[in-house]
Each structure stands twice: as C-alpha cells, then as structure tokens.
Amino acid sequence: MTVTALGVPSVRSVARSVAPGPSSGPLVDTFGRVATDLRVSLTDRCNLRCTYCMPAEGLDWLPGDDLLRLDELERLLTVAVTRLGITDVRFTGGEPLLSRNLEGAIAAATALHPRPQTAVTTNGIGLARRAVALKAAGLDRVNVSLDTVDADHFARITRRDRLADVLDGLAAAAAAGLTPVKVNAVLDPETGLDDAVALLRFCLDHGYQLRIIEQMPLDAGHQWRRDQSIDADRILSALRRSFDLVPDTAPRGSAPAQLWRVDGGPATVGVIASVSHAFCGACDRTRLTADGQVRSCLFSSEETDLRRLLRRGADDDAIEAAWRAAMWAKPAGHGINDPGFEQPVRPMSAIGG
Ligand code: SAM
Ligand code: SF4
C-alpha cells in the first residue's frame, strides 16, 4: 500500500481479489477496508440552490413512493448496525431537515444495540426550531454547511437570502448540546479565499470547528472544472496569511480532514483535499440513498436496490448479503484524477453528501 502526500494510505497499488466476500463479520471490501460509517440520505429535495450542487430551477425530485418509509429505514438501520458493524450513522440529503422521518430515524438508530453515534449534515435552515427536538430524539452532533459569513456572497452562492437562518441554526445547535458543532465549507471560485479567512475567524469566535472541502465533480449540471475550484494548497496559503497553522499530530484514522492547530490551539481547522490528495485508501463509508440504493462510493456507477428487496419480502439474511456484495465490489478510489473519469449520473444532492 502506498501513502499519499497528506499521509493517507492509497489503495491504487493493491491487487484486487476475485474470491467471494465473507458472509459475516465486518463490512469489508476487496482492498481490506472496513465500512463502519453509514451515510443515509433522507430526501433529495432542498430549500437552497448552491451553485456547485443544484441548478437554480431545482431538479426532478424522486417520486414520493420511491422514498424509503420510516419502517423500511428502521429495518435497514437495524441490519446495518446489528449485522454489518456500522458504528456511526449520519443523516443527510438533499436537506434532511425537510424530511418528516428525521427524528424517527434518529430515534430508531439510537435505540439499537450497540448504539451508533448519530450526526446530521444540514444547511441549517430550520435548525433553530428543531435543535432541541433532534437532541431529544438522540442526535449526537451536527455539521452545518456554510460557505461564507458575508450575506451577499451567501445569497449569490446559495441563490437564497438565508444567512441569518443558518447562523441562528448554528447557535441553537450549540445551545442544545449538539456538539462539537462543525461547519462544512465549499469555497466559491471568486470570493472563496476571503470567505475562508472570515469563516475561520467566525468559527474561532463561536467555538465551531471549521472544515473546508475541495469542490468535487458532483454537481447536477456537470459544470465542475478543476481549474475553477480552489484546492487545499491554495486554501492553506490563504489561511496562513492570517493565522498560524501547525499540523495537528493526533492520529487521523479514517477522518478525511487534515487538521491544523490554529494560532497555537486548541482550536483546529480541517482541510478536506478530496480531489488533490484523495484519501480513498482510508475510506470507511457505505451509503444509502433516499430511494433505498446502496452505493459503495460517492462516485459509484453501480447501485444495489435494497428497496426492491424490502418490498418483495426479502428477509434480513438476503438484505445483509446484498449489502455485503455491494461493498465487496467497492472501487479502489473515486478516479477523479484518472484520464477516463466519468462523473456519476446521480448528483451529490440525490446521493447524500
Ligand atoms: N443539504 C445539506 C447540506 O448542505 O449540508 C446536506 C446535503 S449536502 C449535498 C452535503 C454536503 O455536500 C454539504 O456540506 C455541501 O457543501 C457538500 N457538497 C455539495 N456539492 C458538493 C460538491 N460538488 N463538492 C463538494 N462538496 C459538495
Ligand atoms: Fe441543498 Fe446542501 Fe446541495 Fe446546498 S449543498 S443545494 S444545501 S443539498
């Protein structure tokens, strides 16, 4: 196994086994990676229109009958946690706060044994009203997506004038104890480097943990261009002009963010170099879309239809076997930097980021 520039193992050099996968034990792939982190998308709908994610007019949403019902979600969560060894469940979307199943799914997950850690990735709109109920349902933490603290930049990036709602949502999450509150940012090509500096100051002032993510080719319009997105090296150079950054030496494990201690610590900022320094070799994720498809990778071209199995009366053994087979076929990496790379048909909002 080789190691990438950011110190994360790469699996590209490892030969792929063709033997069938194990029928019990951890959820493994042919490269020996173990999936313990489940991302569950609850809806593909959203109330923002971030330029790097969705077109202004929105998308053709999944038909309601295609979405997993709460009882179906509960069943899949039970298989994932009690049979496949999932220890962390993150609810996402689309915008998960738009799903009526969010509190029920959190409660179902946290009633399982062993109890998984639960988190939500949200744009924060409506979080101010829901934070206490989410905590009561069993939610442990939130990641709130916020790319800028400048109201004009926010309105241009998200095509909605809702910065104040997001800031209220962040404050409510912290007050409800959904901590540590993390802020996820994708930088705008025009204003992103200035936005990053202001965001970090804002997060330091409020005790939120900022993580800046390189933009990936997952937009619905397939407009992503490498030369128009801001890579980790440029992010770090911009931050270093205003802050003293020292690499955090705590073991990183499968966490995608390289952490930097800011101005002597203890506060940190994370930079997620998904494109420029891919960390696929340490990936521990499996994904479930809102319409019940397992994806082994954000960039998969293949999906496994668990909803169909559920609705045809399959037992838990059959569902477990299908999920294991899907993960056994997980590709080595996202391949964004390969010459023949093709962007997946499903956009990020319909996969679950
Ligand atoms: N709506 C919720 C939100 O924005 O947090 C959850 C879904 S959103 C798809 C999850 C995360 O994916 C957000 O942090 C968003 O910034 C990120 N994201 C969306 N499109 C992206 C892209 N093309 N590249 C990198 N990250 C992206
Ligand atoms: Fe909605 Fe999240 Fe996509 Fe923005 S990134 S459009 S908030 S799903």
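Which residues are around ligand 2? In this predicted model, the shell consists of Cys46, Leu48, Cys50, Cys53, Gly94 and Asn123. Sorted by character, the residues of this shell comprise 4 nonpolar and 2 polar, with no charged ones.

A good place to turn next is strand E14, which spans residues 285-288. Both of its faces are covered: Arg285 and Arg287 lie on one side, Thr286 and Leu288 lie on the other, and all are buried. Strand E14 has pairing partners in E5 and E15. With strand E5 (residues 37-41), E14 pairs in the parallel sense, over 4 bridges; here arginine 39 has arginine 287 of E14 as its bridge partner. With strand E15 (residues 293-295), the pairing is antiparallel and runs over 2 bridges, and leucine 288 finds its bridge partner in valine 294 of E15. E14 and E15 together form a hairpin, with 4 residues between the two strands. In the turn of this hairpin, glycine 292 has a positive phi of about 80°.

Finally, a word on enclosed space. Rolling a probe the size of a water molecule over the atoms shows where empty space is left. The structure holds 1 cavity of 30 Å³ or more, and the largest cavity has a volume of about 40 Å³. Its lining is made up of Ser41, Leu42, Leu68, Leu73, Asn101, Thr289 and Ala290. By character, this lining divides into 4 nonpolar and 3 polar residues, and no charged residue takes part. Ser41, one of the lining residues, falls within the range of strand E5, residues 37-41.

Notes:
Residues are numbered from 1 along each chain as its sequence is written. Chains are lettered from A and ligands numbered from 1 in the order in which they are written. This is a predicted model: local features need pLDDT of at least 70, side-chain atom pairs count only at pLDDT 80 or more; totals for chains, interfaces and linings use all residues. Side-chain values use heavy atoms; hydrogens and water are left out. On a 1 Å grid over the protein atoms alone, a cavity is a set of points where a 1.4 Å probe fits but cannot get out, and a pocket is an open set with protein on both sides within 12 Å along at least five of seven lines; lining residues have an atom within 4 Å of a point. Grid points are joined across faces, edges and corners, and a volume is the space filled by probe spheres set on the points. Ala, Val, Leu, Ile, Met, Phe, Trp, Tyr, Cys and Pro count as nonpolar, Asp, Glu, Lys and Arg as charged, and the others, Gly among them, as polar. A residue is near a molecule or strand if one of its heavy atoms lies within 4 Å of it. Buried means under 20% relative accessible area, exposed over 50%, partly exposed in between (1.4 Å probe, protein chains only). Two strands pair if DSSP finds at least two bridges between them.
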